[in-house]
Amino acid sequence: MRKTLAIAMSLVCLALLTSARLPVQAPVPLPKPAEASEAPASGDVPKPEQKPESGSEKKPETRSDVPAEPQPAAPDTATPTPEDKPAAPAEKQGPKLPSQQTLEEQHLTIAPESEADHSECVKELQSLGVVFQDISRIDDGNGCGIDKPIKVSEVLPGIKLKPDAVFRCPVALALARWMKETVIPAARVAAADQGAITTVNQASSYICRLRNSAETGKVSEHARGNAVDIASFSFEKGEDIAVKPRREDSTLIGAFQRTVSAAGCLYFTTVLDPESDAAHETHFHLDVLERKGGYRYCH
């Protein structure tokens with residue numbers, strides 16, 4: 001009985017399930033109160049504000065009670081005028097080289113001479129027959145001068161020195177020896193038909209100046225009484241033998257000049273002839289400048 005009832009109930013439930021249908025439209029959930037209040041009506045949708053143009057954007061207001069942070073100053077890009085430019089500091093210059101100095105800037109002094117050396121030199125001049133006289137000390141300032149000068153009128157007996165020359169005794173001694181031992185013997189060979197030498201013509205002896213009469217540079221040995229310039233030789237007859245460029249001169253006179261020029265370095269420490277430079281094209285420069293190690297310069 002119970003079985004029959006259970007079966008009947010199962011059939012009834014199966015029939016009910018077969019006849020059941022789903023609803024045509026699912027129910028729409030109602031909106032939450034909060035969401036409904038946030039959604040604006042379609043006609044009240046606000047339009048976005050227009051973005052301000054570049055440069056017109058308002059700066060945020062600053063609070064008066066908060067100090068503003070210091071801003072770095074904008075660099076000055078304007079080109080400064082010549083008046084605005086600071087003056088350049090004067091460059092420090094070192095001491096001038098001797099070649100850049102005037103005679104006044106060199107602060108030279110007159111070299112003292114030993115009395116004993118001077119006396120010995122004078123005795124040798126007298127033994128050679130040089131005609132001279134002692135003169136007073138020369139001091140022309142700026143180191144120009146001679147401590148113990150002499151004035152020579154005859155370089156050897158019978159051979160005039162024209163005009164009279166003023167220099168130190170060692171110059172006169174070297175000149176006399178050079179004439180006696182080299183110039184006179186060479187002239188007897190090269191100019192035998194002209195007779196003996198009567199005059200040595202000098203172009204310069206003592207004079208206060210720089211080398212080659214320049215405005216700046218080293219002092220001339222003439223300013224110290226150490227030099228003499230020989231321009232020509234006069235003979236008993238015939239023409240003078242002038243000192244001039246003779247390197248290519250193949251005559252006896254050319255040989256004479258080259259011989260006495262080369263031999264001059266045996267007596268003087270400096271010999272400059274017409275072949276040395278343009279400043280000496282018309283004379284021999286002869287001086288007795290003392291150099292370290294006995295060095296001599298001859299050209």
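User: Is C169 buried or exposed?

Analyst: This is a predicted model, in which local features need pLDDT of at least 70, side-chain atom pairs count only at pLDDT 80 or more, and totals for chains, interfaces and linings use all residues. Residues are numbered from 1 along each chain as its sequence is written, and side-chain values use heavy atoms, with hydrogens and water left out. Buried means under 20% relative accessible area, exposed over 50%, and partly exposed in between (1.4 Å probe, protein chains only). With a relative accessible area of 1%, C169 is buried.

User: Which residue is joined to C169 by a disulfide?

Analyst: A disulfide is taken here as a pair of cysteine sulfur atoms within 2.5 Å. For C169 the S to S distance is 2.0 Å, and the residue at the other end of this disulfide is C121.

User: How many residues apart in sequence are the parts that C121 and C169 tie together?

Analyst: Helices (H or I, at least four residues) and strands (E, at least two) are DSSP runs, numbered from the N terminus. C121 belongs to helix α3 (residues 115–128) and C169 to helix α4 (residues 169–190), so the pair ties together parts whose separation in sequence is 48 residues.

User: Is the link of C121 and C169 left-handed or right-handed?

Analyst: One end of this link, C121, counts as buried at 8% relative accessibility. The angle about the S-S bond is -100°, and the link of C121 and C169 is accordingly described as left-handed.

User: Where does C208 lie, given that C144 lies in strand β3?

Analyst: C144 and C208 form a disulfide with their sulfur atoms 1.9 Å apart, and with 70° about the S-S bond this link is right-handed. Strand β3 (residues 144–146) holds C144, and the two parts tied together are 64 residues apart in sequence, with C208 in the loop between β6 (197–204) and β7 (227–235).

User: Which class of accessibility does C208 count as?

Analyst: Its partner C144 counts as buried, at 0% relative accessibility. C208, by contrast, has 31% relative accessibility and counts as partly exposed.

User: Why is the disulfide of C265 and C298 right-handed?

Analyst: The sulfur atoms of C265 and C298 are 1.5 Å apart in this disulfide. The disulfide is right-handed because the torsion about its S-S bond is about 70°.

User: What is the pairing of the bonded cysteines, numbered in sequence order?

Analyst: The structure holds three disulfides. When the bonded cysteines of the protein are numbered in sequence order, the pairing is 1-3, 2-4, 5-6.
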